[in-house]
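Biologist: I should like to examine this model with you, beginning with its loops and ending with its core. Please give the reasoning behind each reply.

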Amino acid sequence: MFSPQAFVSALIAGARRDAAVVLLSIAYLLLAFIFLEMTPSTWIGYFFGSLMGLVSITALFAAGVRGGYHVLVNRVDRPISAIIRDIRGVSFATATSYLPVALAQVTLVSVFWPWKARLPAFSWDEALSDLDRTLHFGWLPWQWLQPILGYWPVTFLLSMNYSIWFMVMWTFWMALAFSERPQRTQFLVTFALLWIFLGSVLATAFASAGPCFFGNLGLGDNPYADLMSYLKAADQNAPIFALDVQDLLWQGYAGSGTEMGISAMPSLHNATALLMVLASRSFHPVIQWALKVHFVLIFLGSIHLGWHYAVDAYVSYAATLMIWFGIASRFQSRTLMPQVVLAAPEPLARAAEPPLS
């Protein structure tokens with residue numbers, strides 16, 4: 001039976017536990033109101049759009065991962081029935097306690113996308129490309145990698161891995177956010193700071209489009225023309241999904257499609273891939289190694305597919321490590337949940353936890 005008092009108690013307990021993430025999301029929203037001059041009514045539209053999208057994706061990913069776990073590990077004949085039992089096993093207090101962190105994440109997403117779509121004019125691509133060449137002994141990173149990666153099956157593999165980045169990242173976020181795993185709070189705070197600091201602040205300061213769009217910017221000789229020609233040739237043998245996404249992004253930027261925002265420096269793909277490796281210590285070794293392989297392939301793919309300059313990744317790695325270890329003493333060993341929720345029989349992560357964890 002629903003109890004308003006129990007609901008409020010669990011909600012407060014969850015807000016206290018995840019106060020850092022909640023406060024970061026509120027601060028991010030206030031920054032958007034100030035610097036983007038976004039009105040509350042406009043933001044509410046983004047918020048509900050993000051809410052609907054994330055709820056749908058979360059339900060889909062959680063059901064898929066948990067269903068796969070029941071089939072492959074538990075060997076059940078009826079995975080849907082097993083998922084329903086998992087959901088019924090989650091206590092009311094536990095489910096309610098995760099609402100604050102979930103709403104904080106929706107708020108972060110609802111600010112990130114309009115911020116990305118309103119970045120200033122690209123003015124750093126030439127400088128970043130020149131810096132790449134200087135750091136890599138006169139050659140651009142893609143030129144060093146092309147003799148090794150320049151085969152369509154390898155390119156297809158890198159494109160596939162890059163395409164599943166969001167699915168991997170969001171599944172990992174669920175597995176930690178809806179659990180009481182070690183380093184949970186450290187991960188969530190770092191994750192939020194990456195999207196705020198790297199995805200908005202630094203992306204604004206170093207507005208750049210990336211190698212794949214270098215030729216579209218009218219900057220003179222395009223040192224990435226041969227790379228893009230190779231990718232289009234590889235696309236004739238196997239679908240290189242990055243090319244379709246790049247076309248959609250540029251059409252949106254040029255005003256002939258939905259504007260989703262373009263940003264190269266720094267690289268959130270690389271930052272979050274590293275973060276998942278850092279935060280996976282409590283997971284099964286198979287998952288840890290899978291995340292390490294994913295991390296390496298994301299780095300290679302970000303360069304080989306024309307998404308990023310190598311320095312985009314280097315800056316992202318430095319920022320991720322500084323944030324992760326910088327907040328470790330405060331959040332790593334923090335008590336995660338007040339007693340009112342510790343009494344709950346099952347964590348919500350039972351519905352989202354990856355196999356073999």
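Modeller: Arg75 is a suitable place to begin, in the loop between α3 and α4 (79-88). The model is a predicted one.

Biologist: Is Arg75 buried or exposed?

Modeller: Arg75 belongs to the loop that joins α3 to α4. Its relative accessible area is 65%, and the cut-off for this class is over 50%. Arg75 is therefore exposed.

Biologist: What is the phi of Glu37 near?

Modeller: Glu37 sits in the loop between α2 (19-35) and α3, and with a relative accessible area of 66% it is exposed. Most residues other than glycine have a negative phi. Glu37 is a residue other than glycine with a positive value, its phi being near 55 degrees.

Biologist: Which peptide bond is cis, with omega near -10 degrees?

Modeller: Most peptide bonds are trans. The loop between α13 (241-253) and α14 contains Pro266. The cis bond, with omega near -10 degrees, is the one from Met265 to Pro266.

Biologist: How are α11 and α14 oriented relative to one another, roughly parallel or roughly antiparallel?

Modeller: Helix α14 covers residues 268-278, and its axis lies 11 Å from that of α11. The two pack at an angle of about 165 degrees, and angles over 145 count as roughly antiparallel. Hence α11 and α14 are roughly antiparallel.

Biologist: How many charged residues does the contact of α11 with α14 have?

Modeller: On the α11 side the contact includes Phe187, Leu194 and Trp195, and on the α14 side Leu268 and Leu275 are among the residues involved. By class there are eight nonpolar and three polar residues, and the number of charged residues is no more than none: the contact has no charged residues.

Biologist: Which helix gives the most to the largest nonpolar core?

Modeller: That core has 98 residues, and Phe172, Trp173, Phe187, Leu194 and Trp195 touch the most other members. The helix that gives the most, with 11 residues, spans residues 184-205 and is α11.

Biologist: Is Thr96 buried or exposed?

Modeller: Thr96 lies in helix α5 (residues 92-97). Leaving aside neighbours within four places in sequence, Thr96 is in contact with Phe7, Ala10 and Leu11. Because its relative accessible area is 4%, and the cut-off is under 20%, Thr96 is buried.

Biologist: How does Gly68 count by relative accessibility?

Modeller: Gly68 is part of helix α3 (residues 40-72). Its relative accessibility is 23%, so Gly68 counts as partly exposed.

Technical notes
Residues numbered from 1 in each chain as written. Predicted model: local features only at pLDDT ≥ 70, side-chain atom pairs only at ≥ 80, totals over all residues. Heavy atoms only, no water. Helix = DSSP H or I, 4+ residues; strand = E, 2+ residues; numbered from the N terminus. Buried < 20%, exposed > 50% of the residue type's maximum accessible area, 1.4 Å probe, protein only. Core = buried A, V, L, I, M, F, W, Y, C linked by side-chain atoms within 4.5 Å. Contact = heavy atoms within 4.5 Å. Axes fitted to C-alpha atoms, helices over the stretch in contact; angles between N-to-C directions. Parallel < 35°, antiparallel > 145°, perpendicular 65-115°, else oblique. Nonpolar A, V, L, I, M, F, W, Y, C, P; charged D, E, K, R; others polar.
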